[in-house]
Amino acid sequence: MTSAWISPPTRTELIEDLVSGVDRYNPSNVSILEDYLYHQIRSEEYDCLANLAILKLYQFNPDLYNPDVVVNILIKAMTASPLPDFNLCISLLDERPSNANLDEPDPLPALLPTLKDLHSLLYRCRFPAFWQIYRSEDLESLRDNYTVECVGFENSVREVAVRAVKAAFTRISTERLGSYLNLTGPALDAYIQKLGWTADAASSVVSIPPNPDNQIEATVVQESISLPQLTKVISHAALKVYDIFQISRPSFDYGDLDITSTQPGKQPPFPKEPS
Amino acid sequence: MAQQRMALWAAEADIDEDVDLSLAIGDYGQNGQYEDAHIQPPQIDEATLIAMQQHMAQQAAFSQIPDVVKGFIVHFHQAVLDNNLAEITVAYESGWNKYTEKFYSRTEWPEAEIIAPLVNDDPIFLILYRELYYRHVYSRLQPNIDDRFHSYENSCELFNYLLNSDGPVQLELPEQWLWDIIDEFIYQFQVFCTWRSKVKSKTDDEVAMLAEGGPVWSSYSVLNVLYSLIQKSRINDYIVAQQEGKSPEQLAEIVGEYGQRPLYRMLGYFSIIGLLRVHVLLGDFTLALKVMDNVELNQKSPFTRVTACHVTTYYYVGFCYLMLRRYPDAIRTFVTVLNFIMRMRQYHTRSYQYDQISKTADRMYALFAVCNALSPSRLDDNITNISKERYGEQFAKMARGGEESLPAFEELFLYACPKFITANPPPYDDPVALEALISPPSPVESPTQSSPSSSTDPTHRHLSLFLADVAAQAPVPTLRSFLKLYTSLGAKKLANFLDADEEEMVQEMMMMKQVSKSISRIPGTDKGSLLDGQMITTSDLNFVIDENMVHIAESTVGRRYAGWFIKNTERTQRIFDDLKHMPLPQPPKNAAPTPTITGPSSTGGDTQPRAPRTGGQKVAWGGARVA
């Protein structure tokens, strides 16, 4: 489940070495990782840990900081919802006092609240609200400067919605689904078909194929007892049997009452009968 | 700076010695100051007088030292010279604390230069002595900027000696001390960063020193030390080889001349835990878990002998899981170690670390309450009850959800979270930027940030992320309480109950479904990366929406008997053992061999195990059988 997240199949060996080795701290490798990020953006790939490695380098070397890269990383991470990737990225964004070194004003402080809001809407499954805000005039610059470059951004947002719908619904009205996907008419039909879901034109309801999350069943969970839980009891009992065989063979049935069984340093009160 | 950075990535995981040696050499360039301090340089005329005065002052200070302390230091030194672990342990764990309480509870121990004559100016012992000296300053007194800088230099001296001597050093130290060295190193780093980030309270001298501080307590230099110790000891190879069941000879070959020595092996292991902690402090929760890749998180590992290390490990791992929204894993982590602490309590109340451990435990109970509110679990009723006892009020609020729950989450998070740090210093070397930071030019620049102090504080950044997650979940308890009443229910009706818009409520339901799943490590496996896991359902209440109809199914947990039976079986066994250990009543001398005495009494033999079984046991048992 998580293996593709820890190490996506598309990750090259070079990147793997950077992500897993101490080379990740070398500032001169930042360009390799940044190139890899732009590769992800162009080819609809995603590698969270590699992108976190970029942010780590920025954290330690403020002079490397490139706000465009950060924005792109956040845009990629946003559509990984409900995984916590977006938060993990924000966690590494140390507050920077000033950006005098940059040629242009830093776009990040202005964009960050917007990105956080968008992420929050996705995480809370407020998909219609997401599309409304994302499409709004205020966000024109975000669309024109960033998300347009990120190939398949809107589709990856739709995938977030599809994941949520798939888990919660067995059937959903076409209208509702369309509002989540920001699609109508033929485009919506095509999308539904691509998902392999079946739309009933007459009732305009889409059936979602069964999957582990939308099959519910009332169950009774029975406790299962594992051997280690019983180790103490069994080993104690085993010791008992041993004692019995050693010392009080005649009274096997009542072995548990055999209070004369020898303890180290303790004399049995009476000498045993030689047998 | 640039050269110092070179060092870290110059080393690969499988290093050859040359590369590795360069690691720390380039790093710790500030040896001069320390050398000057205790080896008197050839004196020029002007300095002679000062040196004389210094000498006399030192002598005066020396004479102030109580004789028992002098004796202690001489004894301690001898133990270190002899590599006598038992003696070192006694001096370290008990002697030092004893004399601290007695003579130095409010003042520094004598400086290393003053006690130097007692130990023949042994540089290694003096480094160790300073390690303790500064630790005492940090824990009992208020360290000034010189203390902060010098303790860093001393740590570097120590690591330099360990890593860059000609081959592994022969020194041996108790495991506890080795852990404390790493622990203290990171602690001092953390308090330095916190102190450094408070710009306003700095004097001009301090600003000047910080501006020129260079690598002192820089994140890179701290990571460098930890990675160097890990690589030098080849601890990761050691752990892997040990898990594969390699023979001692093979192990020795794999880990090399450094890794064979317990000192390096333990330092290497503790450095992994140190890295876990540093990465958490810097807010990198995935990397923190990733450095633990090879470490098996269980109680059988030999590394658990140092309790403080064990507890620290679980605290930080659990916290990482919390920040990764993997609440079931966090809960399991906390439960494991809290049970461990409970069992160990009887052995640790007298340990000087007991305070620290029980404080950490308390914070983990708080984090446990937080996780349990977000993802209710019945993993361990005992821990749950203790946690509710301590944080009952907050727990009730958190579990109820809604907006009112946020202050309770915030309170417990702030109480129990690690002391986050910022990786970089404020711009002390840039007076203009610094001035701008102290008095922001205009509030217009950041209208959303209410106060500059909280916005630059990393703790609040993590808090706000966490609270955003919590706020997203806030409607869940209310929804849940309604759903629990039905097996199917129209969405419109439910929306009416909640006085909410139907569409919004349906979206909330999707969110609820989403948070009722979590990635979790596969229970019962200790192996594999801590980041591994699979999706599991965490809620007992499941539902699905069929167009506009909500269908609900509830999983119930069958009654649990096993725990009760196991506990009581064990208790009975214990009682029985105690009885067996009790001295038998002395039988009357004459009566002893007479079987008839025990005959009657053992008719109730089953219920009176204390009845002495006498020499005439056959008769007695016969009686019992009949009965």
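Which residue of β3(A) stands opposite Ile172(A)? In this predicted model, the residue opposite Ile172(A) is Val206(A). The two belong to a strand pairing within chain A: β1(A) and strand β3 (residues 205-207) run antiparallel and are joined by three bridges.

Strand β1 of chain A, residues 169-173, also pairs across the chain boundary. Two bridges connect β1(A) with strand β4 (residues 541-546) of chain B, and here the strands run parallel. One residue pair in this arrangement is Phe169(A) with its bridge partner Ile545(B). Four of the five residues of β1(A) are buried, leaving the strand mostly covered.

Phe169(A) appears again in the largest nonpolar core, which holds 251 residues. Together with Leu74(A), Phe130(A), Phe76(B), Met292(B) and Phe319(B), Phe169(A) touches the most other members of that core. The element that gives the most to the core is helix α15 (residues 262-281) of chain B, with 13 residues. Leaving aside residues up to four places away in sequence, the contacts of Phe319(B) are Val280(B), Phe285(B), Phe334(B), Leu367(B), Phe413(B), Cys417(B), Pro418(B) and Phe420(B).

Helix α6 of chain B covers residues 85-103. Its 19 residues should span 27 Å at 1.5 Å a residue, and the end C-alpha atoms lie 25 Å apart, which agrees. The helix α6(B) nevertheless bends by about 35° at Ala91(B). Ala91(B) is itself buried, as are Ile88(B), Tyr92(B), Gly95(B), Trp96(B), Tyr99(B) and Thr100(B) of α6(B). The cover over the buried residues of α6(B) includes three helices of chain B: α5 (67-81), α8 (123-140) and α10 (175-196).

Methods. Residues are numbered from 1 along each chain as its sequence is written. Chains are lettered from A and ligands numbered from 1 in the order in which they are written. This is a predicted model: local features need pLDDT of at least 70, side-chain atom pairs count only at pLDDT 80 or more; totals for chains, interfaces and linings use all residues. Side-chain values use heavy atoms; hydrogens and water are left out. A nonpolar core is a set of buried Ala, Val, Leu, Ile, Met, Phe, Trp, Tyr and Cys residues joined through side-chain atoms within 4.5 Å. Buried means under 20% relative accessible area, exposed over 50%, partly exposed in between (1.4 Å probe, protein chains only). Contact means heavy atoms within 4.5 Å. The expected span of a helix is 1.5 Å times one less than its number of residues. The bend at a residue is the angle between axes fitted to the seven residues ending there and the seven starting there. Two strands pair if DSSP finds at least two bridges between them.
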